[in-house]
Structures are given as structure tokens and as C-alpha cells.
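Trainee: I've just opened this one and don't know where to start. Could you walk me through it?

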Amino acid sequence: MLLLLLVLFFPITRALFLSFFEYNLATFEGAEFIGFKNYLDLFSNSSFLSALWQTLYFVGASIFLEFVFGLGIALILHQQFKGRNLVRGLVLLPWMTTPVVIGFMFSRLLNASYGVVNYIFMSLGIISQPVAWLSDPDLALQVIVAIDVWRETPFVTLILLSGLQVIPMELYETARIDGAGPWARFRHVTFPLIKPAIAIALLMRTMIALRFFDIVWVTTRGGPGGSTELLGTLAYKKAFQGFRIGYGSAVSFIIFVLSLIISLVYISRLHEQRGRDI
């Protein structure tokens, strides 16, 4: 509990406290209490509203795709085949790679001038000229979503695979004897029994995605033209580049509130599901 108070409770309460002040490090002046002005300024600022919408879009799109791909891969890895343990280890490699390294890697692969992706696509005739994957305002956010899906899908796969492995095989045998086909067994046996694992995977991924920062900062820094600006990058820019600690703290606390609300929804649904199962 003392460790949690030190690394979790204190930073959160400190951010909330600072969000009620005009605290600008560039002016060398003391903090001035301004109440809810930072929050009122945020919700009247188009850049914040844009970052909020883009964050919610990023979270929704990335988690949906990660769940779909993660469930599919988990179902495949749950089957018996030669070299399964090796494949399971290889699947985890993207998730085990440092986000900053991934950001630098994809910024090179997707470079409009010398990127390998453009070279391969042009060689195959898929595109006729280089595409500015990270410089096009209409494409950049979709590319960031794709990069996050590539990295985080193994994590979702791991959680769902653990849920699949605790399902008693006798249930599948009974369903098969009763004439249930593959889809019926998945719908009536597999999916209901892995709902707790699904809730845990979605909960953890949502909390992480709302704070997403490192990969987008390395690849686009919120550009071009703010098209990939998320709440995490906005908070960093306001607090550590614009030296507006109070304003940046307000953005950070909104991220915390969003995480808390969504987490409570997931947890309540999980308890409801367990109650029905009991």
C-alpha cells in the first residue's frame, strides 16, 4: 500500500492539485490559483477537442482490431500442431520490443523517400508512386493505429489464450456428441467461458491506449497538422514544451478520469457476468 501511495496516488493527486493553478515555468513566477479555468479553457479549445476525439477513435479502432486478430490467433495457437511452442514465442516478439524502437523502425520503413514499404508496394504494382504514410493527414492516424495493432495484438492473444486453456475439454466432447458443429461449439462453449479473459484484456488495453504516447511521439510528434495529436502528446507539449504545468496537468487528469470511468464499466460488467455464471 505504501508503494502504491508513492508511485500512484501521490502523482495523481499532485496532478489534480496543479490543474487548479496557472503554473508557468517560463515566467519564473509562483503558482496562481485559478480554480477550474484550465478545464474551461480545455473544453473551449479546438486543439484539445480534436485530440480528445482522435484519442477516443484511436482507442476504439485499435482495441477492436486487436481483439479480432488476437482472438483469431489465440484460437489457432490453441490447436495442436508441430512447432506450436516456437510459434507462440515468435508471436510475442512485437509486444516484447521497446515502443521507442518500434517507432524508429516504422518511421524508416514508412519513409516516403526511401522506405521499404513503398519500394515493395511499387515493385508489386500496388501503388504507382511513393505514399507519404506518416506525412499525409488523411493517413497518419490510420497508420498509427496499424502500428499499435501490430505491437499489442500479441498481448491480447496471450490473455485470450490463457482463457482458452482453462476450458475443460469434456465440454467440447459433450457438445460434439450432441451434434454441435465448430461454430456452435465456439458460440455456446468457447466464447461464454472466455468472457472474463476478454474483459481483462480489453480493460488493460484500454487503460494503456488512453495513455498512448511513445510510438506516436517518435513517428509523428502529433503531426502532420495535429492529425495524430492524442491526449498524451498534447499533455506533454503543454507541460514540458510550453512550460504550462497547470494546463498540462489538467489534460493528464482528464486522461486519468477517462481511464477510471471505462475501467469501472469493464469491472462492473465482469462482476455481472460472474454473478450470472454463479
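**Cores and one helix**

Mentor: Sure. Keep in mind that this is a predicted model. Its largest nonpolar core has 39 residues, and among those with the most contacts inside it are Leu 42, Phe 48, Ile 147 and Leu 231.

Trainee: Which helix gives the most to this core?

Mentor: Several helices each supply at least two residues of this core, including α2 (37-43), α3 (46-77), α8 (140-165) and α14 (245-277). The one that gives the most, with 7 residues, is α3.

Trainee: How many residues are in the second, separate core?

Mentor: Look for Phe 67, Leu 77, Phe 186 and Ala 201, which are included in that second core. Its total is 19 residues.

Trainee: What does Phe 48 touch, leaving out residues up to four places away in sequence?

Mentor: Phe 48 is one of the residues with the most contacts inside the largest core. With those sequence neighbours left out, its partners are Leu 42, Phe 43, Leu 231, Leu 234 and Ile 254.

Trainee: Now α10: are its buried residues on the same side or on opposite sides?

Mentor: Helix α10 covers residues 182-193, and its buried residues are Arg 185, Phe 186, Val 189 and Thr 190. They cover an arc of only 125° around the axis, so they sit on the same side of α10.

Trainee: Which exposed residues does the face turned away from that buried side carry?

Mentor: The buried side has cover that includes α3, α8 and α9 (169-177). On the face turned away from it, the exposed residues are Trp 183, Arg 187 and His 188.

Definitions and conventions. Residues numbered from 1 in each chain as written. Predicted model: local features only at pLDDT ≥ 70, side-chain atom pairs only at ≥ 80, totals over all residues. Heavy atoms only, no water. Core = buried A, V, L, I, M, F, W, Y, C linked by side-chain atoms within 4.5 Å. Buried < 20%, exposed > 50% of the residue type's maximum accessible area, 1.4 Å probe, protein only. Helix = DSSP H or I, 4+ residues; strand = E, 2+ residues; numbered from the N terminus. Contact = heavy atoms within 4.5 Å. Expected span 1.5 Å × (residues − 1). Arc of directions from axis to C-beta.
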